[in-house]
Amino acid sequence: MPAGLMFSMPRIPVGRAIALWRAAGACLAIALAGLPGPTRAGAQVLVLVNRTTAVVPLELSAGAASRKLTLNAAHCLPVPLSGSGTLALETGQGRKTYPVKSCGIYYVGEVRKGVVDVGEIEIGRRRDPNTNSDRVASYVSEPVLTEIPVKVVYDDAGAVSPQIWQSTLRRRFEAASQVFRRVCFVEFRIVTIDTWRLPIGVTEFAGALAHLERAATNDAESLLVVGFTGKLRTFEGRHTGGTRGPLHTHLLVRERIERNTEKERLEVLVHELGHFLGAVHSPEGSSVMRPMLGNRRTWVAPSGVIFDPLNTLAMCLVSNEVRMKRSVHLFEFSPAGRQKLRDLYTVMAESLPGDDSARHYLELLGPVSGDAGNH
Ligand SMILES: [Zn+2]
C-alpha cells in the first residue's frame, strides 16, 4: 500500500490497516485564522462512561458548586471540570462519593444485580504539573463550540440531481456535527459544496486521495476538504475512507459501498472526522472508531453513533488545543496535552496490537520534553 495513508477497512482483518504517514510535517498543519476569537477559550474535561444498561443520574461537585448529570446507557459524556472534584451517585447500597479530576476517565459499572460502583480507567501514572489537579477546584463553563469550516466536493454528481446529493450531504454533516458537539464541543460546517472529477484511470485509494489533494484545495474560508467518491466501488475497494493523520487538510470518503445505508454512511463520515480530531482505532465493538465498519451494527444501535471513552478524551484534548490556538500543529500542542495524548495512544496501541493507527499517532506526536524514562 502506498505510504502516507490511514484507512478504515470494513470486513477485513485489522492487521491490514497499515498506517504510513507522509514525513513532511507541513501536511499536518492547519491554519485556524478563520476561527472566531471566542472559540479560543480552552476547557479541561473529565469523561464519564456508563457501562450499565440503565440511565444513571450523577452529581458532580467542585468547590462550592455542583451539577446534576444524566448518563445514558452505554454513552460517554465529557464534562468540563478544571482540577479536582467529587462524583456522587446512588449505588443501590446507599449514596457514595468518589474523588475525580480533570483528564480522568470514570466508568459506572454493575458489580452485581442492582448494585453499581465507579471505577477509574488508568491512563498513565505521571502527575501532570500543568493540570494543578489538587490546587484548583472549579467548573469551567461549557466551551464555545469550535467550528471547523469544511469544503465538500463530490465526484459522482452525474448519478443524481445536485439538489439530492447536496441536501443528502448537508444532512449527513449536520448529523455528524450533532455527535461531535456532544463528545468534544466541535461542529463541522459546510462553507463550500462543489463537484470534482476523479479520473477514470485512478483505481486505488491512495492515488484517489492524492488526486483530491491536488484538485480541490482549501479556499480562504475552509480548513478541511472532504471529498466523496462513488467511483472506487468496483476496485480492490475495501476502504471506506482515509486521511493522512490528525488535522490533515483532506479526507477522502467512499460513497455507495456495496449496499450500505445512510446510517452506515454517517458512521463512515463520523469515523473519518474522528481521525481528523485525533481519534484512533478502538477495540470496543460499539465504538464508531472500531477498525471494521460496515458490520451493520448501526442497525442495532438505537442510541446512535457512539465513541469509546479513550477516543472521547483524545478528541477533547485535540479540540481544546485547536480552540486555544490560531495555528495548530501536533508538535505545537501544549506539553500537558501532548503528554496526555501520548498516554492515551500508548494504552490504545497496546489494546489493539494488530492495528497501526495509535502507534502512528504516537510517532506523529514525537517525544514530549522530559519524557525519557517515564514509560
Ligand atoms: Zn479508521
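A contact here means heavy atoms within 4.5 Å. Keep that in mind as you select the whole protein chain: among contacts between residues at least 6 apart in sequence, 71% join residues at least 24 apart.

This is a predicted model, in which local features need pLDDT of at least 70, side-chain atom pairs count only at pLDDT 80 or more, and totals for chains, interfaces and linings use all residues. Residues are numbered from 1 along each chain as its sequence is written, and side-chain values use heavy atoms, with hydrogens and water left out.

Switch to a cartoon view next, and you can trace six helices and 17 strands (DSSP runs numbered from the N terminus: helices are H or I with at least four residues, strands E with at least two). Of the 375 residues, 55% count as buried (under 20% relative accessible area, with a 1.4 Å probe and protein chains only).

Now for the rings: the whole structure holds six aromatic pairs (rings of Phe, Tyr and Trp, the last by its six-membered ring, with centres within 6.5 Å; planes under 30 degrees apart are stacked, over 60 edge-to-face, the rest tilted). Select Tyr154 and Trp165, a stacked pair at 4.6 Å centre to centre with 25° between the planes. Tyr154 sits in strand β12 (residues 146-154) and Trp165 in helix α1 (residues 162-184); both are buried.

Stay on helix α1 and pick Phe173, then add Phe228 from strand β14 (residues 224-229): the two lie 55 residues apart in sequence. Their ring centres are 6.3 Å apart and their planes at 80°, so this pair is edge-to-face. Phe173 is buried at 2% relative accessibility, and Phe228 is buried at 0%.

For a last stop, select Phe180, Phe188, Phe276 and Phe307, which form one aromatic cluster.

Definitions and conventions
Buried means under 20% relative accessible area, exposed over 50%, partly exposed in between (1.4 Å probe, protein chains only).
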